[in-house]
Amino acid sequence: MCITCGCETTGQEHGHQHRHDDGTVHSHVHSHEQGHVHGHEHGHEHGHEHGHEHGHEHGHEHGHEHEHGDASVSRARMTVETDILARNDRLAAANRAIFAQHGIFVLNLVSSPGSGKTTLLERTLKDLAGRFRCAVIEGDQQTDNDAVRIAATGVPVRQINTGTGCHLDAHMVRHALDHFDLHQLDLLLIENVGNLVCPASFDLGEHHKAVVLSVTEGEDKPLKYPQMFHAADVMLLNKVDLLPHVEFSVERCLEMARRVRPDATIFQVSARSGAGMDAWYEWLAAGVAGARNAVKKG
């Protein structure tokens, strides 16, 4: 269950839909039992921590108190939240080690639905073709529509369907990595599920969270969703080509974003017209170079 909104995701079943080279698609479900951690390959831990097994006895020591009332429920929730995030952070650290080992620059792209995130990715991948070796992980609750769009750019892509889940987690990303040749990658772009709440809490092992906000959404989004805009150290203000046609104050939006995250790197871009994209590309190039140099120094 998601610790933020209560949707069935972490600790539950994660549905994955996969497209093969021949165009066929299949789905399967990973069931993540309580305390069940998967890790494999490249120094990953493969620990299986099983908390409440079938037919557990009430004499066991889990710090499990059979009390009733709001206090006991609150303590139990805090324990579950801490455990879920701790397991995710361990797997995210393992992902980060893999990225560092291979010199891959990794971004976790987050936004609300309709911000133009996929269009921004398409434009970025087409413009950077031949400059960097890229791959994409696509996160959606259902369908592989966005993955099909990305695949049309010629870039390797892996679809993750979360079902009722509202975000990607480190475990899902780790499984997706098995389908890429990591030795042939410079840049990995992870398009998270469209949601400005839950993805803020889950580290995937990325170098940066980059939040995409469009001028059609309203300039007060950073204050409405402060956890996300604080967690993301990069913001792309997208669809600036529409500014003449919408009521949106760039100045107010940037002021609110800086209030939540004073050190944020902010780009004003249009994935349609290409405005501002060169600055975004140069920032990506610097990130790729930094990841490569870190390997050489290591």
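Which are the buried residues of helix 4? Before I answer, please keep in mind that what we are looking at this morning is a predicted model.

The buried residues of helix 4 are Ala170, His171 and Met172, followed by Val173, Arg174, Ala176 and Leu177. Helix 4 covers residues 170-177, and since seven of its eight residues are buried, the helix is largely enclosed by the rest of the structure. If you look at the start of helix 4, you will find Asp169, a side-chain oxygen of which comes to within 3.2 Å of the backbone nitrogen of His171.

Let me turn from there to strand 6, residues 187-191, which is mostly covered, with five of its five residues buried. Leu187, Leu189 and Glu191 point one way from this strand, whereas Leu188 and Ile190 point the other way, and all of them are buried. Strand 6 also has neighbours that I would like you to find on the screen. Strand 3, residues 105-111, runs parallel to strand 6 and is joined to it by five bridges, and within that pairing Leu107 has Leu189 as its bridge partner. Strand 4, residues 134-140, likewise runs parallel to strand 6 and is joined to it by five bridges, and here it is Glu138 that stands opposite Glu191 of strand 6.

The last part concerns the aromatic rings. A pair of aromatic rings is described by the distance of the centres and the angle of the planes. The structure holds four aromatic pairs, and I will take you through two of them. In the pair of Phe267 and Trp283, the ring centres are 6.0 Å apart and the planes stand at 65 degrees; the cut-off for edge-to-face is over 60 degrees, so this pair is edge-to-face. Phe267 belongs to strand 9, residues 265-268, and Trp283 to helix 8, residues 277-297, so the pair ties together parts that are 16 residues apart in sequence. Because buried means under 20% relative accessible area, Phe267 at 9% counts as buried, and so does Trp283 at 18%.

Trp283 also takes part in a pair with Trp280, and this one is stacked, with 5.7 Å from centre to centre and 10 degrees between the planes. Both tryptophans, Trp280 and Trp283, lie in helix 8, three residues apart, which is about one turn of the helix. Trp280 is itself buried, with a relative accessible area of 2%. Finally, to place these rings in their wider setting, ring pairs link Phe105, Phe267, Trp280 and Trp283 into a cluster.

Methods:
Residues numbered from 1 in each chain as written. Predicted model: local features only at pLDDT ≥ 70, side-chain atom pairs only at ≥ 80, totals over all residues. Heavy atoms only, no water. Phe/Tyr/Trp six-rings, centres within 6.5 Å; stacked < 30°, edge-to-face > 60°. Helix = DSSP H or I, 4+ residues; strand = E, 2+ residues; numbered from the N terminus. Buried < 20%, exposed > 50% of the residue type's maximum accessible area, 1.4 Å probe, protein only. Polar contact = N/O pair within 3.5 Å; in protein donor to acceptor, adjacent residues only side chain to side chain. Pairing = 2+ DSSP bridges.
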